[in-house]
Each structure stands twice: as structure tokens, then as C-alpha cells.
Amino acid sequence: MNPLHDVQLYLLDMDGTFYLGDHLLPGALEFLDKVRASGRRFCFLTNNSSKSRGAYLDKLAALGARVSEQEMFTSGDATLEYLEMAGISKDILLIGTPSLEAQFAAAGYRLDSPAPQAVVLGFDTTITYQKLTALCDAVRAGLPYIATHPDFNCPVPGGFIPDIGAVIAFVRAATGRDPDLVVGKPNAMIAQAAARRAGLPVEQLCMVGDRLYTDIALGQNCPVKTALVLCGETTPDQAAQSDIRSTVTAQNLAELLEYLD
């Protein structure tokens, strides 16, 4: 029996799963078309908080993918949802790109407050030593410390660049503190939020991604199915040796198409 036969919503990682840099990976557009044709749905679920939802939609459109706002959910979106639900002050220190800053400012957050009440760490490809110092000062002062996701590396053409996990390690070395909460995958709360948005039980979701410790580990923290693709960060040897197991494994989205029949 097809282990994904009852999946109604595919959660798709982006970097290393759907595209790499500015190039689509094999089967990317075909996968979206076949999901739609089968009566199922998809939602891009990315830990990468360096871009806003709008910026990702623009990138996907440039690559030929027709995606609506409801078919995109980032760790930045999930972090904003958590901050609202938790009643966190609107005065925060945000370490992030201009795109993420604009998203938080549009949601009413004051990013230039002289007395921030919490610190949020995103994947900041514009990070400076000044930002790192301000981040460590805020964490050392005991402010609530929230990270959008835990990824150590972000796949790019030709290799990887350091992601937020490397900054978390830097802050730990300097302050002795880890984030109070890491919102993105593999935290169950981001899958639960996606399920609520879709009006589905989490058991009818499948997370498709290339990272064992985020995408696939999500299946250990909540009852979503998982599909590992080997076109990004995880190698076949790493997958074989890991204790983190996916429901199915495929080379890429093209090979995963067979599970949609």
C-alpha cells in the first residue's frame, strides 16, 4: 500500500527541495501540478526567515510556480503568530534581514525601541558584529529569546552558507543561553499551525524536505508523515546511518511523483 495514500496536504520545504538558488530542482513544477490535479493541496513551509512571504511568492513566480498567499507559510509567519498568541510586547529587538524587518514592522512591532522587551533571532544574511553584540547583550540581560528556526546551514549552489543555528551556537558560547523557544521545524507547533490554516488533522499532512534534523524530525514530534528528498543537504549515507527515519525517501520531487498516483 502507498504509505502516503491518505495525505491531503503536502508541506514543501524550499531550499534544497524545490529549488537551489535560482534554479528549480527536478520535478518541482510537475509535483505542484500533480498535487492539484489529484484534488490534494500543498503549502510551502520553509524555515528560512531571511525573506518575507511576499518575497518568496515573487521568487516562486519568477521560477514559473503559481502559488497563492495561502500556499506559503514561513518560520517568520509562525513566529509572528506565536508572539501574538503569547502576548509578547511589541517592543522587540529583531535580528533579521530588511525583508524580515519589514514583515514585523507591518505587523505593528517596534524594532527601534530603546527598551526592547524580547529578542527575536531570524536568519540574517546581513548580520554584522554590531548586531551580534546587541543580540548577546539582550540575551545576557535575560530578555525572552526566540529563534525562528534551528538550521545550521542553508544550501546554495556550490555548497552551503551558515544559517541561524551557527549564530545560536555563537550566542551560547558568549552568553551561556540557548533560545527559550525555537519556532520552526522540527517544533510541532509550526505543523499544527499549518494544519489549523488548512482545516485538516495533522495526520493528513506530509512534510517533504531535505534535512533530517528539521524536516524529517518533525515527524517524530507530531504525527505528520515525512518524505525525505536527497537533492539538498542530506546524503544517502547520512540518511542510512541516521536514527531519524522518513516515511518515504526519494531522490527528488520527480521521483516522489509516484506516491501521488
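The expected span of a helix is taken as 1.5 Å times one less than its number of residues. In this predicted model, helix H5 comprises 12 residues, 129–140, and should therefore span 16 Å. Its end C-alpha atoms are 16 Å apart, in agreement with that expectation.

The buried residues of H5 are Leu 132, Leu 135, Cys 136, Ala 138 and Val 139. These residues lie on the same side of H5, because the arc they cover around the axis is only 160 degrees. Tyr 129 and Gln 130, on the other side of H5, are exposed. The packing partners of the buried residues of H5 are three strands, S6 (92–95), S7 (118–121) and S8 (145–147), together with helix H6 (164–175). Gly 142, just after H5, adopts a positive phi of about 90 degrees. Most residues other than glycine have a negative phi, and most peptide bonds are trans.

A cis peptide bond is present between Lys 185 and Pro 186, with omega at about 15 degrees. Pro 186 belongs to the loop that runs between strand S11 (181–182) and H7.

Helix H7 (residues 188–198) packs with helix H3 (residues 75–86). Two packed helices are described by the angle between their axes and the distance between the axes. For H3 and H7 the angle is about 90 degrees and the axes are 10 Å apart. Angles of 65 to 115 degrees count as roughly perpendicular, so H3 is placed roughly perpendicular to H7. On the H3 side, the contact involves Ser 75, Ala 78, Glu 81, Tyr 82 and Met 85. These residues meet Met 189, Ile 190, Ala 193 and Arg 196 of H7. By class, the contact of H3 with H7 contains 6 nonpolar, 1 polar and 2 charged residues.

Three positions outside the helices and strands were also examined. Ile 244 is located in the loop between helix H10 (236–241) and strand S14 (248–250). Its relative accessibility is 19%, and Ile 244 therefore counts as buried, the cut-off for this class being under 20%. Ile 244 and Leu 212 are 32 residues apart along the chain, while their C-alpha atoms are separated by 6.4 Å. Leu 212 is also among the contacts of Ile 244, which include Tyr 213, Ile 216, Ala 217 and Gln 220 when residues up to four places away in sequence are not counted.

Thr 234 occupies the loop between strand S13 (225–229) and H10. With a relative accessibility of 5%, Thr 234 counts as buried. Beyond residues up to four places away in sequence, Thr 234 touches Asp 210, Arg 211, Leu 212, Leu 228 and Ala 239. Leu 212 is thus touched by Thr 234 and by Ile 244. Thr 234 and Asp 112, which are 122 residues apart in sequence, have a C-alpha to C-alpha separation of 39 Å.

Pro 3 lies in the segment before strand S1 (9–12). At 32% relative accessibility, Pro 3 counts as partly exposed. With its neighbours within four places in sequence left aside, Pro 3 is in contact with Lys 225, Thr 247, Val 248 and Tyr 259. The C-alpha atoms of Pro 3 and Pro 179 are separated by 36 Å, and the two residues are 176 residues apart along the chain.

Definitions and conventions:
Residues are numbered from 1 along each chain as its sequence is written. This is a predicted model: local features need pLDDT of at least 70, side-chain atom pairs count only at pLDDT 80 or more; totals for chains, interfaces and linings use all residues. Side-chain values use heavy atoms; hydrogens and water are left out. Helices (H or I, at least four residues) and strands (E, at least two) are DSSP runs, numbered from the N terminus. Buried means under 20% relative accessible area, exposed over 50%, partly exposed in between (1.4 Å probe, protein chains only). The arc is that of the directions from the helix axis to the C-beta atoms. Contact means heavy atoms within 4.5 Å. Axes are lines fitted to C-alpha atoms, for helices over the stretch in contact, and angles run from 0 to 180 degrees between N-to-C directions. Angles under 35 degrees count as roughly parallel, over 145 as roughly antiparallel, 65 to 115 as roughly perpendicular and the rest as oblique. Ala, Val, Leu, Ile, Met, Phe, Trp, Tyr, Cys and Pro count as nonpolar, Asp, Glu, Lys and Arg as charged, and the others, Gly among them, as polar.
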